[in-house]
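Colleague: I should be grateful for a close look at a single part of this protein, namely its nonpolar interior. Please set that part in the context of the whole chain.

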Amino acid sequence: MTTAEVFRTPDERFANLPSYDFAPNYVDVDGLRMHYLDEGPRDGKPIVCFHGEPTWAYLYRKMIDPFIEAGHRVIVPDYAGFGRSDKPTDRRWYSYDRHVELVTQVLGELGLQDATVVVQDWGGPIGLRWAVENADQVGALAIFNTGLFTGRVSKGFMTWRAFAEANPDLPVGFVIQGATTTELSPEVVAAYDAPFPTVESKAGAAQFPLLVPIAEDAVGATEMKAVTDALSRWEKPALVAFSDQDPVFPYPRAGEAFVDLLPTVDEQVRIEGASHFLQEDRGEQLAVEVLKHLG
């Protein structure tokens, strides 16, 4: 049970968001109301999409319909502190382990089998850890613009970390516009801002960059090394697709790290003309790649 003060974003903030008419689903975990999308046929082969920082389930809206049309069940959880999930307001409450534990409990309610796990940004450390710790429920991986943080990070990341540390009232929509090649409409920017109407509601988003281990002995590095080790023995299908204009996970090097690591991957797919949030820039193309390689 959480003892932290909790902010719950008013439901009206999520009314009439562009290209997003998905129904919310909630489960209570440790006293927090956790949100997830659950779309498509319940007997469809599941695809579980893990968002990053400072996004939420809205990021995957362009990929959901193509997945459903191909017969899949699509699940997109919001982490604590993000989207329609409850938001503890004490930044110290947040940790890598806690994010993994909460999302594991959310997904544990759903009886998933042979799931394809889609990850990007912080979705990588969280989703890939969930995948290797629940490998009996996972059939494939799709890895976009992410890394496993074991002490070494890019200059682009350190610039972002310094910005986040200096700006606890994180301008979320502005940040996402700055990490896309697409010109976002004011309505789409507002949809990314929707979960975060106050400074206190942004505690999780403000803290995420500081949870990245930037030294080998930092909290979380050991756990991510264990995930890396497990992936080096991964024998199921995997797709590695990185965009060519991401300053945080530079192409081609960041993707090659996963190509070299995963025994079942020979090369990465290059997503042209997309920046860090490639689901926003090239969501439909990504859905095609996932279905082509893993569907």
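Modeller: The account below begins with the chain as a whole, turns to the nonpolar core, and ends with one helix and one loop residue.

The model is a predicted one. Its protein chain contains ten helices and ten strands. The radius of gyration is 17 Å, close to the 19 Å that the globule rule gives for 295 residues, so the chain is as compact as a globular protein of that length. The C-alpha trace spans about 45 × 45 × 40 Å along its principal axes. When contacts between residues at least 6 apart in sequence are considered, 78% of them join residues at least 24 apart. The accessible surface comes to about 11,900 Å², and carbon and sulfur atoms account for 48% of that area.

As for the interior, 58% of the 295 residues are buried. In soluble globular proteins, nonpolar side chains tend to be buried together. Here, the largest nonpolar core comprises 103 residues. Phe50, Leu141, Phe144, Leu231, Phe258 and Leu262 are the residues with the most contacts inside that core. Leu262 may serve as an example: leaving aside residues up to four places away in sequence, Leu262 touches Leu141, Ile143, Leu231, Trp234, Ala238 and Val240. Two of these partners, Leu141 and Leu231, are themselves listed among the residues with the most contacts inside the core.

The annotation gives a further frame of reference. An unreviewed UniProt entry places the feature "domain: AB hydrolase-1" at residues 45-281. In the model, that span is 38% helix and 14% strand, and its end C-alpha atoms lie 26 Å apart.

Helix 6 shows burial at the level of a single element. Within this helix, residues 186-193, the buried positions include Val188, Ala191 and Tyr192. These three cover an arc of only 95 degrees around the axis, which puts them on the same side of helix 6. Among the elements that cover the buried residues of helix 6 are helix 1 (61-69), helix 5 (172-178) and helix 10 (278-294).

Burial also extends to a loop residue, Gln137, which is found between helix 3 (123-133) and strand 8 (138-144). Gln137 has a relative accessibility of 15% and therefore counts as buried, the cut-off being under 20%. With residues up to four places away in sequence again left out, the contacts of Gln137 are with Leu112, Gln113, Asp114, Ala115 and Trp130.

Definitions and conventions: Residues are numbered from 1 along each chain as its sequence is written. This is a predicted model: local features need pLDDT of at least 70, side-chain atom pairs count only at pLDDT 80 or more; totals for chains, interfaces and linings use all residues. Side-chain values use heavy atoms; hydrogens and water are left out. UniProt positions are given in the numbering used here, feature names are shortened, and annotations may be inferred rather than shown by experiment. Helices (H or I, at least four residues) and strands (E, at least two) are DSSP runs, numbered from the N terminus. A nonpolar core is a set of buried Ala, Val, Leu, Ile, Met, Phe, Trp, Tyr and Cys residues joined through side-chain atoms within 4.5 Å. Buried means under 20% relative accessible area, exposed over 50%, partly exposed in between (1.4 Å probe, protein chains only). Contact means heavy atoms within 4.5 Å. The radius of gyration is taken over C-alpha atoms; the globule rule is 2.2 Å times the number of residues to the power 0.38. Accessible areas come from the Shrake-Rupley method with a 1.4 Å probe; for residues, only the protein chains shown count as cover. The arc is that of the directions from the helix axis to the C-beta atoms.
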